[in-house]
Amino acid sequence: MGEFYDPARRQYNGNSLLKVVDSMPFPDSFKVMGLFNVDLFIPILTFIFGQAFLNGHSGIASVYRLTNERYGLPRNDQLLIERTKKEVIHEFGHTFGLIHCDNPACVMRSSTYLEDVDQKKLHLCHKCQTQLEIHTY
């Protein structure tokens with residue numbers, strides 16, 4: 001993964017990783033999610049938890065900034081699993097055409113900080129659920 005690493009930022013380019021995941025052949029797959037444990041960025045943001053192609057086939061997510069240990073807090077595997085699920089659901093939501101939601105509890109709300117991830121629920125709000133149903137029929 002050296003070609004994706006930006007030594008000046010000491011992070012991995014999310015745009016480049018997403019393109020590679022999107023180009024990988026998974027013949028029996030409907031959607032694809034690349035999971036990583038590296039610090040991701042895109043040029044306009046300091047870091048990202050994940051990203052996906054809107055209405056696309058694939059997304060990526062990283063657990064790197066989802067662990068308590070990263071912030072000097074005690075390890076909590078259950079919380080890490082919950083945070084990871086939220087980010088994966090969020091990115092898959094984008095692949096189904098959902099954009100960021102302003103409902104603080106909706107899994108499609110944008111997450112700038114880890115606290116934002118923790119405040120979200122594991123599900124879509126009614127508005128996003130309705131949009132998903134309209135989009136998939």
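**Entry 1: the largest pocket**

I sorted the lining of the largest pocket by residue class and found 6 nonpolar, 9 polar and 2 charged residues. The model I consulted is a predicted one. I then looked up the volume of the largest pocket, which comes to about 340 Å³. Its lining has 17 residues, and Leu 45, Phe 47, Ile 48, Ser 110 and Ser 111 are the closest to the centre. I also asked which elements supply at least two residues of this lining. They are β5 (45-48), β6 (50-52) and α2 (77-95).

**Entry 2: the nonpolar cores**

I next listed the largest nonpolar core, which has 12 residues. Its members are Phe 4, Tyr 12, Leu 17, Leu 18, Val 21, Val 32, Phe 36, Val 38, Leu 40, Ile 42, Ile 48 and Ile 60. Two or more residues of this core come from each of α1 (14-23), β3 (32-36) and β4 (40-42). With 3 residues, α1 gives the most. I noted another core of 9 residues lying apart from this one, with Cys 101, Cys 106, Val 107 and Leu 124 among its members.

Ile 48 appears in both lists: it is a member of the largest nonpolar core, and it is one of the residues closest to the centre of the largest pocket. From the core I then picked Ile 42 and looked up its contacts. Beyond its neighbours within four places in sequence, Ile 42 is in contact with Arg 9, Asn 15, Ile 48 and Gln 51.

**Entry 3: Asn 13**

I located Asn 13 in strand β2 (residues 11-13). Is Asn 13 buried or exposed? Its relative accessibility is 18%, and the limit for buried is under 20%, so Asn 13 counts as buried. I followed its side chain to the backbone nitrogen of Asn 15, which it reaches at 2.9 Å. Not counting residues up to four places away in sequence, Asn 13 touches Phe 4 and Phe 41. Of these two, I had already recorded Phe 4 in the largest nonpolar core.

**Entry 4: positive phi outside glycine**

I checked Arg 10 and recorded a positive phi, near 55°, in a residue other than glycine. Arg 10 sits in the loop between β1 (5-6) and β2. It counts as exposed because its relative accessibility is 66%.

I made a like entry for Asn 55, which is not a glycine but has a positive phi of about 60°. I placed Asn 55 in the loop between β6 and β7 (58-62). At 45% relative accessibility, Asn 55 counts as partly exposed.

Note on methods
Residues are numbered from 1 along each chain as its sequence is written. This is a predicted model: local features need pLDDT of at least 70, side-chain atom pairs count only at pLDDT 80 or more; totals for chains, interfaces and linings use all residues. Side-chain values use heavy atoms; hydrogens and water are left out. Helices (H or I, at least four residues) and strands (E, at least two) are DSSP runs, numbered from the N terminus. Buried means under 20% relative accessible area, exposed over 50%, partly exposed in between (1.4 Å probe, protein chains only). A polar contact is a pair of N or O atoms within 3.5 Å; within protein, one must be able to donate a hydrogen and the other to accept it, and residues adjacent in sequence count only if both atoms are side-chain atoms. Contact means heavy atoms within 4.5 Å. On a 1 Å grid over the protein atoms alone, a cavity is a set of points where a 1.4 Å probe fits but cannot get out, and a pocket is an open set with protein on both sides within 12 Å along at least five of seven lines; lining residues have an atom within 4 Å of a point. Grid points are joined across faces, edges and corners, and a volume is the space filled by probe spheres set on the points. Ala, Val, Leu, Ile, Met, Phe, Trp, Tyr, Cys and Pro count as nonpolar, Asp, Glu, Lys and Arg as charged, and the others, Gly among them, as polar. A nonpolar core is a set of buried Ala, Val, Leu, Ile, Met, Phe, Trp, Tyr and Cys residues joined through side-chain atoms within 4.5 Å.
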